[in-house]
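Work through the exercises below with the model open beside you. Try each task before reading its solution.

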Amino acid sequence: MFLEDCIIIKNIKISNDKYLIRVKSKESYKHAKAGQFFMLKSNTFLRRPISLHYIDNDILEFYYQVKGEGTEYLSKLKENDTINIQGPLGNGFDTNINNKKILIVAGGMGIAPIKLLIEKLNNSNNSITLIMGGADSSAIKIMDRFDTNNIDLHITTDDGSVGDKCNTVDKTKELLKEKTFDIIYTCGPTVMMKALIKVAKENNILCYASLEERMACGVNACLGCNIEIKDEKSGYTLKKVCHDGPVFNGELLNF
């Protein structure tokens, strides 16, 4: 984990309340992995936990949504401003995977950690299918910045403004009628991931879920992001999303 002041290269409005900030890193970019996150300093007492979106040489990218005072402050930062970041934090996705058929399912802001994940998995001769879902076309706009040449891409929206008019879980069930997968990676709303974990279990597919929880410290120092994990001896135990996650084996989650 590193604390470093970074120069902002770009802070781009993608759509409505969604932004992409690019910062020049001195050290942490060398150690960051897909699925990890950083704590970004804003004008509030607590830092904002933001998923790592992509690494472009020594440039870190963060895709975020304005949801309160802290992220509103981030959206106002300009090129050449300085921002202090803390990270990388948490346990990310297992990308030491080779020659597997992989399904990635992202809903809404759950697309944030997926761009880097796709790149890492593509480097190991994996076959990748991506289902990206959102409420409408504005939720999908970030996909314009993805390289989708080597993946089987399926877009879904609630209003049908782009892609198929359905949700990601229904699309997953549809694909499973004609394709098989070895692993499912998912990130998005809890209700979506809960349903996907059930589908994965019914089809004997290993599933990894990246969780989003409200965090205070982000560094395993408090109890703000505790969740229940299944345990054979006691029934369940508590784990911290910031330290033990945010990526967990779906079968262990006690939703």
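**Exercise 1. Find how strand E3 is joined to strand E4, and which residue stands opposite Met39.**

Step 1. Strand E3 covers residues 37–40 and strand E4 covers residues 48–56. Strands (E, at least two residues) and helices (H or I, at least four) are DSSP runs, numbered from the N terminus.

Step 2. Four bridges join E3 to E4, and the two run antiparallel. Two strands pair if DSSP finds at least two bridges between them.

Step 3. Opposite Met39 stands Pro49 in E4.

Step 4. Helix H2 (residues 114–122) packs on the sheet and touches E4 and strand E5 (59–65). The direction of H2 makes about 40 degrees with that of E4. Here, contact means heavy atoms within 4.5 Å. Axes are lines fitted to C-alpha atoms, for helices over the stretch in contact, and angles run from 0 to 180 degrees between N-to-C directions.

A note on the source: this is a predicted model, where local features need pLDDT of at least 70 and side-chain atom pairs count only at pLDDT 80 or more, while totals for chains, interfaces and linings use all residues. Residues are numbered from 1 along each chain as its sequence is written, and side-chain values use heavy atoms, with hydrogens and water left out.

**Exercise 2. Place E3 in its barrel and describe its two faces.**

Step 1. Turn to the other partner. Three bridges join E3 to strand E6 (residues 82–89), again antiparallel. In E6, Ile85 is the bridge partner of Leu40.

Step 2. Now follow the whole ring. Six strands form a closed barrel in the order E1-E2-E5-E4-E3-E6, with antiparallel pairing. From one strand to the next, the twist averages 45 degrees.

Step 3. Check the faces of E3. Phe37 and Met39 are buried on one side, Phe38 and Leu40 on the other, and both faces are covered. Buried means under 20% relative accessible area, exposed over 50%, and partly exposed in between (1.4 Å probe, protein chains only).

**Exercise 3. Trace the open sheet and the helices that pack on it.**

Step 1. Seven strands make up this sheet, in the order E10-E9-E8-E7-E11-E12-E15, with mixed pairing. Strand E10 (164–165) and E15 are the edges, and each pairs on one side only.

Step 2. Seven bridges join strand E7 (residues 101–107) to strand E8 (residues 127–134), and these run parallel. Leu103 has Thr129 in E8 as its bridge partner.

Step 3. H2 packs here too, touching E7, E8, strand E9 (151–157) and strand E11 (183–187). The direction of H2 makes about 175 degrees with that of E7.

Step 4. Helix H4 (residues 168–176) touches E7, E8, E9 and E10. The direction of H4 makes about 150 degrees with that of E8.

**Exercise 4. Where does the largest nonpolar core lie?**

Step 1. Start with the term. A nonpolar core is a set of buried Ala, Val, Leu, Ile, Met, Phe, Trp, Tyr and Cys residues joined through side-chain atoms within 4.5 Å.

Step 2. The largest one has 50 residues. Phe62, Ile83, Ile104, Ile111 and Tyr185 have the most contacts inside it. H2 gives the most to this core, with five residues.

Step 3. Domain 1 (2–89) and domain 2 (93–210) both give residues to this core, so it lies between them. The domain bounds come from an automatic or database domain assignment.

Step 4. Another core lies apart from it, with 29 residues, including Met193 and Cys242.

**Exercise 5. Examine the annotated cysteines.**

Step 1. An unreviewed UniProt entry marks Cys217, Cys222, Cys225 and Cys242 as "binding site". These four span 26 residues in sequence, yet no two of their C-alpha atoms are more than 9.9 Å apart, so they gather at one spot. UniProt positions use the numbering given here, feature names are shortened, and annotations may be inferred rather than shown by experiment.

Step 2. Cys217 sits in the loop between strand E12 (206–210) and strand E13 (226–231). Its relative accessibility is 19%, so Cys217 counts as buried.

Step 3. Cys242 sits in the loop between strand E14 (235–240) and strand E15 (247–249). Cys242 is buried, at 3%.
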